[in-house]
Each structure stands twice: as C-alpha cells, then as structure tokens.
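Me: I'd like to learn how to read a few features of a protein model. Could you walk me through this one?

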Amino acid sequence: MWRTTWRNLLAHKVRLALSGLAIVLGVAFVVGTLIFTDTLSKTFNDLFRSTAADVNVTRAAAFDQGLEGTGTGGTATYVPAELVDEIAEVDGVAAVEGNVQAEGVYILDADGEVLDTGGAPGIGISWDTEESLSPTTLVDGRAAAGPGEVMIDTNSAEETGFRVGDTITLLTPGPRVEAELVGTFRFGDSGGLAGASLTAFDTATAQELLSEPGQFTGIGVGAEDGVDPDVLADRVAAVVGSDYDVKTASEQAESLSADFSEALQFINIFLLVFAGIALFVGTFIILNTFSMLVAQRTRELALLRALGASRGQVTRSVLGEALVVGVVGATVGLAAGYGIAAGLRALFGSFGLTLDGTLVLATDTVLWGYAVGVLVTLVSAYVPARRAARMPPVAAMRDDVVHVQRGLRRRTALGVVLSLAGLAALVGGTLSDDGGTGASLVGLGALALILGVTALSPVLAQPFLRSVGAVLPRIWGTTGRLAQENAVRNPRRTAATASALMIGLALVSAFSVIGASTNASIDSLIAGSVRAEYIVSSAVGQPFSPDVAEEVGDVDGVAAVMPLRWGQAQLDGQTSLLTGVDPDALPRTVELSWVDGSAEGLGGDGVLVDQPTAEGRGWAVGDTVEVLTLDNRQEQLTVSGIFETNQVLGSTVVSIDTLAGAGGVEQDRFLFVDLADGTSPADVRPQLDEVLDAYPIVNLKDQTEFQDEQKGQVDQLLLLINAMLVLSVLIAALGIVNTLAMSVIERTREIGLLRAVGLGQAQLRRMVRLEAVIISVYGAVLGLVLGTLFGVALSRSLADQGITELAVPYPRMAVFLLVAALIGVLAAVFPARRAAKLQVLDAIARA
Amino acid sequence: MSLPGSPATPPAARGRSLTKIFGEGDTRVVALDGVDVDFPRGRFTAIMGPSGSGKSTLMHCMAGLDSVTSGQAYIGDVDLSTLDDKALTVLRRDRVGFVFQAFNLLPTLTAQENITLPMDIAGRKPDRAWLDTVIDTIGLRDRLAHRPSELSGGQQQRVACARALAGRPDIVFADEPTGNLDSRSGADVLDFLRRSVREMGQTVVMVTHDPKAAGYADRVLFLADGRIVDEMLEPTAERVLERLKALDSDDGARPAATDAASRAGVR
C-alpha cells in the first residue's frame, strides 16, 4: 500500500502543497514564538548575568516593588560611601567599589533629538575603576575622568554616529550636560542592552548628577581567589546589617530573571495564543483538504477495496499521506518559524524591545514543531481516512459518486448548547462586579461561542447564502446564481472555509471594539479631568528633570505648573502605586469631582484616593493610613479627600514632598501647565516651545494633542495585536484558495459542461470569484457579529478598569467586511484561472 | 459520396477536408482523415462506426469543442477555425445545442433552470412559446422545479435535450445520448429527438453505436478509420445492423483492434 500512498502524493502535488502550506504556517508560528521567547529570555539572562560582581550590596527595599524599570520603583534609596570602607575590611574581599546607576539619562544625537530607545530606559552609570567588578569593557578611548567627560555604550555610539573626541549633549535627571565623549564601552559579553542606552561618568560626576555626593546606589564586592561568594556574602551581610540586601552574583541574576520571567511569561502566553489560533485555523484547512482529497478519490479507494485492500490498509494509506505531508510541512515550518522569529524581533524592536545576538533554536522548539505539525495533520486526516475505509467497494462501479451529506443534527445540537453556554458566560462576565473574574468569564464565553458557532455554521450558512447571497443573481445574473448555488451545495465545506476567516475577524473586531471603547473613554476622561491648557510629557512616559518644570514656570503668562510623579509605598500593608502632585497647583490644573473632603489637606500629611479605592479599602475622610516606605520607614497619612475616578491622577494621590519622603525618584512624568487668566494659549505657546527645545525628551501638547497621544498608544498596541492576527487571516485566505481549488477540481465536468453550453472564460472566472466572495463575506459577517459581542462584553466587564465608554467602530467594521470580500477575490485568482483554463473536451471527458 | 441538400437551403453545418491528428511520432493517431461532410437543415443524422473510428472527434470538431489539424468546419457560413475561444463560446451558446452521454445537467440548478441555462448565460429572454412547445414535447412540465438528482436518468436526458433545443440552435449535437439509458428511456429520448426534427424543424446530429438508435435518424453516416465509408438514407435498425456487419467483415482481414493507432491512415 505504501506505493499507492507515494503515487497519490505525487499525483496531487498542488493540492498537497496547499494543505502543506497550512501546516507550514501553523508550525511556523508556534516555532517562531518559541524561538522568539527563548531569544528574549537569553538576552535578559545574559544581561543580568553580566550585571553582577561576585557580591552586590544595595539598600534593602521594605517590600517587593515588582519589576524594576516599570517606572514607579523608587531608587532614591542610597548606600553611603562609608559602607565601602567597612566592607573593604571584611576578610576575603579582594576589591570593593561603590557604584551609581539611575534612569533618566538620554543621549541627544547630532540633530539634537533624543536617541530613540523605544520604550527602553536611558541609563546613567558610574564607571567602575575596578575592572573585575565592572560589567562593562572599554572598547575605544579611555575612562571618563571628570565633569566634562563622558562615555557611552557602543550600540548608542553606532546609532548616533558619535566618535571619541566629539562633544555630546545629555539630558539627565538634573541639568542638561555637554561633555566630551572620551570612550565607548561594551556591556556584558554580547553588548546587548535590549534597547536601553548606557552613559557612564566618573564616580563623582555620576553622584552629582544621579544620586547625591557621597551616596551610591550599590556596592560591588569582588572575592579573593578561593573564597566562596556565598561565604563572603554572609560575612558582608554581618557587617552591613539588615538595612541592606547582600546578594551573590548568581542570586542577583536569579532574582532579576525571576522578576523578568513573569513579564516574559505574558509575552510568551500572548504569542502562544496567536500560535494556537493559527493552528486552530490551520487544522480546519488540513481537515478540509484531506476530506476533499478522499472525496475525490472515492472511486479509486473503492477500487482498492474491491481489489482486496482491507479497511485498515485504506486508512493507513490515507494516514501515510498525512504523515509525509505533516513531516514535510513541519520541516518547512521550522525554517519559516525562524523567519517569523526574526520578524518578531524586528517588530518588537520597533516597539523599543531591541534584542541583540543570534536567535536561539532550542531542541525543544524543534520537537514541538514536529509534534504539532505531524499530530495536527494526522488527527485532521484521521476522520476522512476512516470515512475512506468505510467506502463500499461497489462505489467503484458507480458512474457518479454521490456525496452523502451526513445529517447535521448532532453537530447542530452541540453548537446550540455551546453557543448558549458561551452567551451565558458573556452576559455573566459583563454583569460580574470583579473585573478579573468578569474578563475570564468573557474569555471562556468567547471560546465556547466560537466553537458553538463553528458547529452551527453549516446550518446558518443556508439562510445566509439564500438571503444575502440572493444579491449575486440579481447583479450578476446566471453567473451569480451559479456561484450562490455552489456556495450552498456543500454547507459543511462552506462553513469550514468561512470558519477560519470568522475566527480571525472575530478577534480583530473584538480588539477594535475594545480599542475604540478605550479611546472613547480616554477622550471623555481627559476632557473631563484636565483643566490645564498645556501638558508636558515624554513620548513613552520616561521621567525627566524637575528643571523643566522650573523653566516652564518662569515663562510669562504661566500661572501654575503642576508636576506629576509616580512612586510606590505600602498603605495599610498593601503595595500601592502613588501619584505625587503639587498640592497648590492641583486645583488649577486638574478637574476633580469630590465625593467627600477636598484637596486642602494634601499639603501636609494628606492622601487623596478615588472612590473605588476608598470603597475597596474601607477608607473614609479622616481615617489614618499606615505607610511603609521603600526605605523601611513607618509613616502615617490621613485620608483628606475622596474623588471620582480620574484618568490623569490614578487612584492614590499624595504631595510630591510626601512622595520624595517615601523614597520616590525626583523626576517628573508629566507637567500640567495652567495659564494666567486672560492669557491666550497661542501667545504663550512659542515661548513654551522655546524653553522645551532644550529638552527634546519632552514635548508640549494641548488637551486635544494629549488625548491623541494617549489614544496613539492604544492604537499602537492595537496595531501590534492586529499585525499578529493578520497571520490567522492569511491562513484563512489560504483556506479559501484551497477549498476553491479543490471544488474546481471536483467540478471539472460541470465546468466542462458549462463551457460547452456557452459560459465564457471571463464568466467562469467571475463565478468562482463570486463564490469565494460570498463565502468570505459569510465568514466575515459571523466574525464581525461575534467579535462585536466579545468586544462589548469585555469592555463592559472592564468598566472598573477605566473603560467607561462603549464604542463600536462601525466604519472600521465596514472596512473589515470589504477587506474580507477582497480576500475572497484574491483567494479566487488561482482557482478561477485554473477553472477557466480547463479544456472543454478534457473536462467533459473526465469520467 | 453524395452530398444532399440543394443550393437554396445551405446545410446547417458542413466540414471540408477535416483532418485531426493526435500526438506525434510513435503516438501519432489520425482520428479524422480528410472528411467532407454536410449536415442538411431539418434532418436527423446519425454517425456510426466502431470505437476509434473518429465519430466522436468528428462531432467535437464540428461543434467547436475541438480544433482541427487542417480543413474547415462550418456552422452555417461561419468557419470555426477563424474563431478565438471567446467567439467559439458565444457560437456554442447561441447557435449550437449539446446533449452528452452523461452528466448533462448542473446538479445545483432545477430542470427549468438547466433548460434555460445557455440563454441565461447570454442574458437573453427565452422565447416563451417555443420553450412551452419544447417542454410539452419532452413531457416533463410537472418536473420543472425538480433538481436533477430527483429525476430518473431518462428524464435527465430529456431535460438535456430540451436545453439543447430551447435556444432554437442551428444544430444540435448529441453524443451517445442514450448510452446510459435502458431501452425504454432511450426510446423516449430518441423519439423526442426525431419529433424535434420532424415537427419543429430542428437539425440534429447524433453519434451512436446502437443500430436501434440510428434507426430513428433520417440518414446514417458510417465512419471507419477517420473516413466516411458509407451513407444510408431512411435507415432501419435492421439495415444498419446488416451494414455494420458488412463493415466488420470488410475489416475481417485485419485484427479487429479498437485502437485507431494501428490502422490510422492505412486505408
């Protein structure tokens, strides 16, 4: 039987190539995801590994503040210089050096623009004189040795084109600095920095700019030969006491990568979900392909049976084909996956997460690729294979093989049950009080509904194609009528073809609804909450120097500038995100609706909270809140006001003095600028722009521009998600090509007959095209309806999280529908050409 | 050979020096070897001959389904060799009717829709009165809304005949129209074809290997080895059978092979 299997493979090259392509895409996406996340992990692990001296000493944080670099962690928790001398006395210490590291140092390129790090931080460090303790290696020039000298990492040097000897400009948390570039250095072994830029100063200058004179952010300790770092760490810990964290290099790398793994986990899951979608959609196509392959070969297989082949042999023959296709598809998919990983790296690079070094292809990845590709293919081929085996030998004798349409009753019943369960979960999720539970319920409901509607799809196809499809004969006459009938004739196939597109479009439109709702919420929230005429902020929320606020405040016509900062502290034992504001400027710049109390008490030890937080924590005005700061001090704040949810302020607001006292970084995230009464914004703007020209990291926006910028971030995220979903739509399009190509082959004689009685080539092409379009549109309509349902339900369940408005972007939905129709047109190109090229006589003679 | 028909009524279709060669070298097969033939208007012509004699090829070339290697095939005054695919399609649609041995109808369309298909493709309104006549003649008025799968084989072939005639073509080509039918259903179909010629003035050319079927025709052409070897007017099944036997015995000296390759062009 193996010979027949081989012969069949060779005989059906085109068809198998198509189903093979589905496997390739599915596997490619899974493999690409795995390669990408492995590469991501490796990049960061390398980064952390190269960060550490044998033992590191830092100020102990009072509580876990989550991942560093999320912009809210306090780093103003210093280590005094005296500690360096104390540690130097410890037995077994070979070298010890204090170091300084802080975010908020940006390199300006030759045009005066901030070197683009995407979202990654611009980091300033002190240059370690002890080479053994330093994660960096000098590449060119020499070490910085004074206030006018600076070094940058080789990646940044390459990007800006700066060379040793150039004078470069830096933005720091303090003043703007001009300095001579005296050296370039490489970070770690690979030089990879995941997009961040590194600027190094000599220690004194670094302290001046980034911490305080005599204060370090950490101390690196080198062990003498033969001294175990763990032992040394214990000795150092005994000397410095419990106010400091003492970690060995491996402990530090571990805790950092543990923190990071959590963040990576999210990306991983996110990508794998898409891979899953791609496979799910791909499975449909493979199943379809093999079903049709078997259906076409009914007579051939029946002949085999008649000649004495057993059922098992027929099943094995079909499965054998699937095996070969699966293995080949998975192999090609592996290669393509490597390409996808490279693409993802570029994509994430454009979002600021730059990965350097080569892509990591782990053995696991290869195994998964084959497992997924081969298993999915075999499972998909099993059902048609069984059907093939059950073919009665007498089928070989029949002239026209009648495709028995099996009943849809069981499938329909299953579909109804799943759909109802899904709908119930959606409604439940929408009504749920708890956002997290609600969103999970909506997710589950969406999955059930997708499966349910997929099962119902053949039943729904009939009325849809009969009603909406009736447009075709009305416009295109007989050609349209034939197309309509062709789409109706095999509801299972039409449904399976449409399902792939349905899933893709359901997801795309769901995200569109959420995006539109989020944007609408931003509009209404910002419009209702900002009183300031102008807002100053950086592109992706990077912190900037308080000098900016000072200079802006000096501009004529500016009445008040309110800086806004972020920090963390534990309030009544729970880690909270704090917003620091200027109490005096607050009422002038931000619109607040008070539930109780006022902003009055904020100047002292007051804290303002929004209504949901107050309710959740059971706080009322006048209550005392216990505060644990990052540097482990106990303080008390008094709840002095409760306000309605405010997009700008967040949930918990303190004064900037309080925040600084709690260890917050003294850098601003936003400035809200209020103009004096009677001043025209247009008059002040040029002066403001002039001041801000010196700080390219920030820019000035009026309210509308600010809203647009905030929405831009949502749109960007949406773009990223949609870019991924394009793949599933691509696979869906491939499915349509596949189905049409198959049905063209299946209908060869019909096409011959049509041509014989006078259907022109152009008409024939149109017939195939219209069939593709109506199937695409059917899938798109199902997808849009489902997607809108999901989007609305998810938006509603996230109402607590700030998505207060609900918006369905109908024009965009209409565009999706058009795109779906266009996909149909494009998918039909190849099958239509194939149909039109059939020789009339050959087609008729095909028995 | 005689070429019936007077100058006053030119033939519905005619072929001149029709030659059709398949393949090259060793696989070269001469399917038609310089055939001259006329199909007079208002006549029912049957084409007979053993397998591989070229009878189907003759029909395909005359109907514009296949191109000739040399020579000319005319429908009316139109030389088919001057037409491109598009023009041929239009010609088949508007001026030729077809009935094939099997698979004549689109399974997705009703009988009625199948009958008017060529006109629908052309976007023409069918001639109602004519259509009624045709439908009444096939006697399937009550089955018009049915799909082919709900019709018997004979009914399907009668619908196919109705389709071929519905557009009032210059000529109808029928390729073994009764090949898949039992004798009773076959007789119905043949009877209908004969009535369409006698009562409706249509022109029908039918390829068959069944002497009984040929007996319904006005005239039988006998083909062998790509040439017309004989003609019989007012045939009966018995006479056709006798003639065929005679042809066979003529062939007796050679192997009674069915592959034309061994015999092509020898005669």
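Reply: Happy to! Let's start with a term: the bounds of a domain come from an automatic or database domain assignment. Keep in mind, too, that this is a predicted model.

Me: Into which domains is chain A divided?

Reply: There are domain 1 (55-260), domain 2 (457-530 + 704-847) and domain 3 (543-696) in chain A. Taken over C-alpha atoms, the centres of domain 1 and domain 3 of chain A are separated by 30 Å. Their contact draws 25 residues from domain 1 of chain A and 23 residues from domain 3 of chain A. On the domain 1 side, the touching residues comprise 10 nonpolar, 11 polar and 4 charged.

Me: How do I read a pair of packed helices?

Reply: Two packed helices are described by the angle between their axes and by the distance between those axes. Here, take α14 (residues 491-529) and α22 (residues 761-797) of chain A: their axes come within 6 Å and cross at roughly 35°. The crossing of α14(A) and α22(A) is right-handed. This contact has 20 nonpolar and 14 polar residues, with no charged residues.

Me: Which residues of helix α15 of chain A are buried?

Reply: A general idea helps: an α-helix has 3.6 residues a turn, so residues three or four places apart point the same way. In α15 (residues 546-553) of chain A, the buried residues are A:V548, A:A549 and A:V552. They cover an arc of only 100° around the axis, which puts them on the same side of α15(A).

Me: What covers the buried residues of α15(A)?

Reply: The cover includes strands β15 (534-538), β16 (558-571), β23 (670-675) and β24 (698-702), along with helix α19 (681-692), of chain A.

Conventions
Residues are numbered from 1 along each chain as its sequence is written. Chains are lettered from A and ligands numbered from 1 in the order in which they are written. This is a predicted model: local features need pLDDT of at least 70, side-chain atom pairs count only at pLDDT 80 or more; totals for chains, interfaces and linings use all residues. Axes are lines fitted to C-alpha atoms, for helices over the stretch in contact, and angles run from 0 to 180 degrees between N-to-C directions. Helices (H or I, at least four residues) and strands (E, at least two) are DSSP runs, numbered from the N terminus. A crossing is left-handed if the near helix is turned anticlockwise from the far one by less than a right angle, and right-handed if clockwise. Ala, Val, Leu, Ile, Met, Phe, Trp, Tyr, Cys and Pro count as nonpolar, Asp, Glu, Lys and Arg as charged, and the others, Gly among them, as polar. Two residues are in contact if their C-beta atoms, placed from the backbone, lie within 7 Å. A residue is buried if 20 or more other C-beta atoms lie within 10 Å of its own, exposed if 12 or fewer, and partly exposed in between; C-beta atoms are placed from the backbone. The arc is that of the directions from the helix axis to the C-beta atoms.
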